[in-house]
Amino acid sequence: MSDRPDRLITLVEELSPAAVNPVLVHSFSGFMDAGSAAQIAVNHLLDTCPERIVAQWDSDELIDYRARRPKMVFDSDRFVSAELPRITLREVLDDRGTPFLLLSGPEPDYRWREFLESVSWVVNSFNVDLSVGLIGIPWPAPHTRPIGITWHGTDHRLFEGHSSTLGMLEIPGHMQAMLEYHLGQRGNDAMGLAVHVPHYLTQFEYPRAAISLLRGLAVATGLELPTDGLEDQAREA
């Protein structure tokens, strides 16, 4: 492997030998995730698929703890736990045992350029074949209609057959979009899936949108991803 671009990232374990040209899935909390769609999808993968941490980033260098204060638990007369936010890279196995990488955690507050370069190092060092970002966006459609997804990426062949109804937009920058753009500028295949969440449900957890994201991700990557537990949650919601 080439030298890491900075001291932000620490390798914890080597990838398994089966992880040849893996897909990199990424999602970050803190900016926008309508219906908590991407967060639900990521949590479901971590709860239902075998996984292990292979790298992590230095949160002290990237996260503003006063803007996103760590969760602590107080029990009777003492503090018993503190949960500091972490940005991690995990090797996850899909339902067929195919390894893929999952980059998740809070969106960095600082040092975006260095963070982007560190992810580029991951992509090149681990021979990542494709990166895919996940996010939920508010959409002017009722929940009684099928949930749509906007597909986008650095090359039209990555999402052939999935047209977009959007024109030119100016949006606030966020890490999923920056990673897609950054990797594309360096010649790497990168794409994103933005699931459409009814605008009046953006503040509520909406598992149906997470199911659509996982199904879209499966189509985009060929991975076999579980959704069974989410079906029950969606019916209850």
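**Exercise 1. Where is the place of Thr 150 in the structure, and what surrounds this residue?**

Before starting, note that this is a predicted model, in which local features need pLDDT of at least 70, side-chain atom pairs count only at pLDDT 80 or more, and totals for chains, interfaces and linings use all residues. Residues are numbered from 1 along each chain as its sequence is written, and side-chain values use heavy atoms, with hydrogens and water left out.

Solution, step by step.

- Step 1: find the element. Thr 150 sits in strand S9; helices (H or I, at least four residues) and strands (E, at least two) are DSSP runs, numbered from the N terminus.
- Step 2: check the cover. Thr 150 has a relative accessible area of 7%, so call it buried (buried is under 20%, exposed is over 50%, partly exposed is in between, with a 1.4 Å probe and protein chains only).
- Step 3: look for a polar partner. The side chain of Thr 150 makes a polar contact of 2.7 Å with that of His 196. Such a contact is a pair of N or O atoms within 3.5 Å; within protein, one must be able to donate a hydrogen and the other to accept it, and residues adjacent in sequence count only if both atoms are side-chain atoms.
- Step 4: list the company. Not counting residues up to four places away in sequence, Thr 150 touches Trp 139, Ser 164, Leu 166, Gly 192, Leu 193, Ala 194 and His 196 (contact means heavy atoms within 4.5 Å).

**Exercise 2. Take Ile 149: is this residue buried or exposed, and which residues does it touch?**

Solution, step by step.

- Step 1: Ile 149 belongs to strand S9, residues 149-153.
- Step 2: with a relative accessible area of 17%, Ile 149 is buried.
- Step 3: leaving out residues up to four places away in sequence, Ile 149 touches Leu 193, Ala 194, Val 195, His 196, Ser 212, Leu 213 and Gly 216.
- Step 4: for a distance check, go to Gly 30. It is 119 residues from Ile 149 in sequence, and the two C-alpha atoms are 21 Å apart in space.

**Exercise 3. Which side chain of opposite charge is nearest to Glu 180, and how many Å away is it?**

Solution, step by step.

- Step 1: place Glu 180 in helix H4, residues 175-185.
- Step 2: search for the opposite charge (Lys and Arg count as positive and Asp and Glu as negative; His and the chain ends are not counted). The nearest such side chain is Arg 157, 13 Å away, and Glu 180 is buried yet has no salt bridge. A salt bridge here is a side-chain nitrogen of Lys or Arg within 4 Å of a carboxyl oxygen of Asp or Glu.
- Step 3: try the backbone instead. A polar atom of the Glu 180 side chain lies 3.3 Å from the backbone nitrogen of Gly 192.
- Step 4: setting aside neighbours within four places in sequence, Glu 180 contacts His 152, Gly 153, Thr 154, Ala 190, Met 191 and Gly 192.

**Exercise 4. How many salt bridges does the structure hold?** Work through some of them.

Solution, step by step.

- Step 1: the count is 11.
- Step 2: one of them pairs Arg 52 with Glu 13 (2.6 Å, N to O). Arg 52 is in strand S3 (residues 51-57) and Glu 13 is in the loop between strand S1 (9-11) and strand S2 (23-29), so this pair ties together parts 39 residues apart in sequence. Arg 52 is partly exposed at 24%, and Glu 13 is partly exposed at 40%.
- Step 3: Arg 111 and Glu 61 also meet in a salt bridge (2.6 Å, N to O). Since Arg 111 is in the loop between strand S7 (99-106) and helix H3 (112-125) and Glu 61 is in helix H2 (residues 59-62), the pair ties together parts 50 residues apart in sequence.
- Step 4: Glu 224 bridges to Arg 96, with the closest N and O atoms 3.0 Å apart. This pair links distant parts of the chain, 128 residues apart. Glu 224 counts as partly exposed at 36%, whereas Arg 96 counts as exposed at 51%.
- Step 5: look for shared partners. Glu 13, Arg 52 and Glu 91 are joined into one network.

**Exercise 5. Where is the place of Phe 31, and which residues is it in contact with?**

Solution, step by step.

- Step 1: Phe 31 is in the loop between S2 and helix H1 (37-48).
- Step 2: at 35% relative accessibility, Phe 31 is partly exposed.
- Step 3: apart from neighbours within four places in sequence, Phe 31 contacts Glu 107, Pro 172 and His 174. Phe 31 and Glu 107 are 76 residues apart along the chain, with C-alpha atoms separated by 7.2 Å.
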